[in-house]
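User: Please take a close look at a single residue of this structure and then place it in its wider surroundings. I would like one connected account.

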Amino acid sequence: MEVREAVPDDADAIRTTHAASITELGAESYSQEQVDAWAAGCESADYTAAIESPDHYLVVAVVDGSIRGFGSLVVAAPEEYETTADAEVTAVYVHPSVAREGVGSRIYESLERRAGERGVTALELTASQNAVAFYRSHGYERIGATRHEFSGHESTGVYGTVVEMRKEL
């Protein structure tokens, strides 16, 4: 497995991996209606803009020649959290075919390494309920829970609970 910085040509594979991860792994904690609304956002997501943004660090995990996971870090203080941090992990998703095989951990480690290189002292994120244990295993603590509209940019009107988490580096 290789974890590398994403390039614009990776956008379609990231979209496919993102949707598959949500559809299968999200169903562990959310209703079908919530999962469908969450996955709907993948169609309109602009992965290329995130890849090209100087504020984002987006990586992909390549397993046997195919992208099987991705992660994203924004090195800027997130405004929507109750506490303050220097940066936000905005995504760690893996394809269901490689779930619980260490792919997500390798992606996350790359994001945390980059955060440290940029002088970040604290990270925050919003975790889906099915990802809380993963982030706890990487040293995150729960800040609280909040009501979230799945794919809110699509105005789905479908809500669920997500967990805000924080880690000091």
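Analyst: Helices and strands here are DSSP runs, a helix having at least four residues and a strand at least two, and they are numbered from the N terminus. In these terms Gln129 belongs to the loop that links β5 to α5 (132-137). The model is a predicted one.

Is Gln129 buried, exposed or in between? Residues count as buried under 20% relative accessible area and as exposed over 50%. Gln129 has a relative accessibility of 35%, so it is classed as partly exposed. Apart from neighbours within four places in sequence, the residues in contact with Gln129 are Ser29, Tyr30 and Thr161. With Thr161 there is also a polar contact: the Gln129 side chain comes to 3.1 Å from the backbone oxygen of that residue. Tyr57 lies 72 residues away along the chain from Gln129, and 24 Å separates their C-alpha atoms.

The loop of Gln129 starts from β5, and β5 is part of an open sheet of 7 strands with mixed pairing, ordered β1-β2-β3-β4-β5-β7-β6. At the edges are β1 (2-5) and β6 (141-149), each of which pairs on one side only. From one strand to the next, the twist averages 25 degrees. At the β1 edge, β1 and β2 (residues 56-63) run antiparallel and are joined by 4 bridges. One bridge pairs Glu5 with Val59 of β2.

Helices cover this sheet. Helix α4 (residues 103-117) lies across β1, β2, β3 (66-74), β4, β5 and β7, at about 160 degrees to β4. Helix α2 (residues 32-44) has Gln34, Val35, Ala37, Trp38, Ala39, Gly41 and Cys42 as its buried residues. These residues of α2 pack against β4 (87-94), β5 (122-128) and β7 (159-168), and also against the helices α1 (11-25) and α3 (47-52).

For the whole protein, the count is 5 helices and 7 strands, and their order along the sequence is β-α-α-α-β-β-β-α-β-α-β-β. The radius of gyration is 15 Å, close to the 15 Å that the globule rule gives for 169 residues, so the protein is as compact as a globular protein of that length. The C-alpha trace spans about 40 × 40 × 30 Å along its principal axes. Buried residues make up 49% of the 169. Of the contacts with a separation of 6 or more, 65% are between residues 24 or more positions apart. The accessible surface is about 8300 Å², with 43% of it belonging to carbon and sulfur atoms.

Methods. Residues numbered from 1 in each chain as written. Predicted model: local features only at pLDDT ≥ 70, side-chain atom pairs only at ≥ 80, totals over all residues. Heavy atoms only, no water. Buried < 20%, exposed > 50% of the residue type's maximum accessible area, 1.4 Å probe, protein only. Contact = heavy atoms within 4.5 Å. Polar contact = N/O pair within 3.5 Å; in protein donor to acceptor, adjacent residues only side chain to side chain. Pairing = 2+ DSSP bridges. Axes fitted to C-alpha atoms, helices over the stretch in contact; angles between N-to-C directions. Rg over C-alpha atoms; globule rule 2.2 N^0.38 Å. Areas by Shrake-Rupley, 256 points an atom, 1.4 Å probe, with all protein chains shown as cover.
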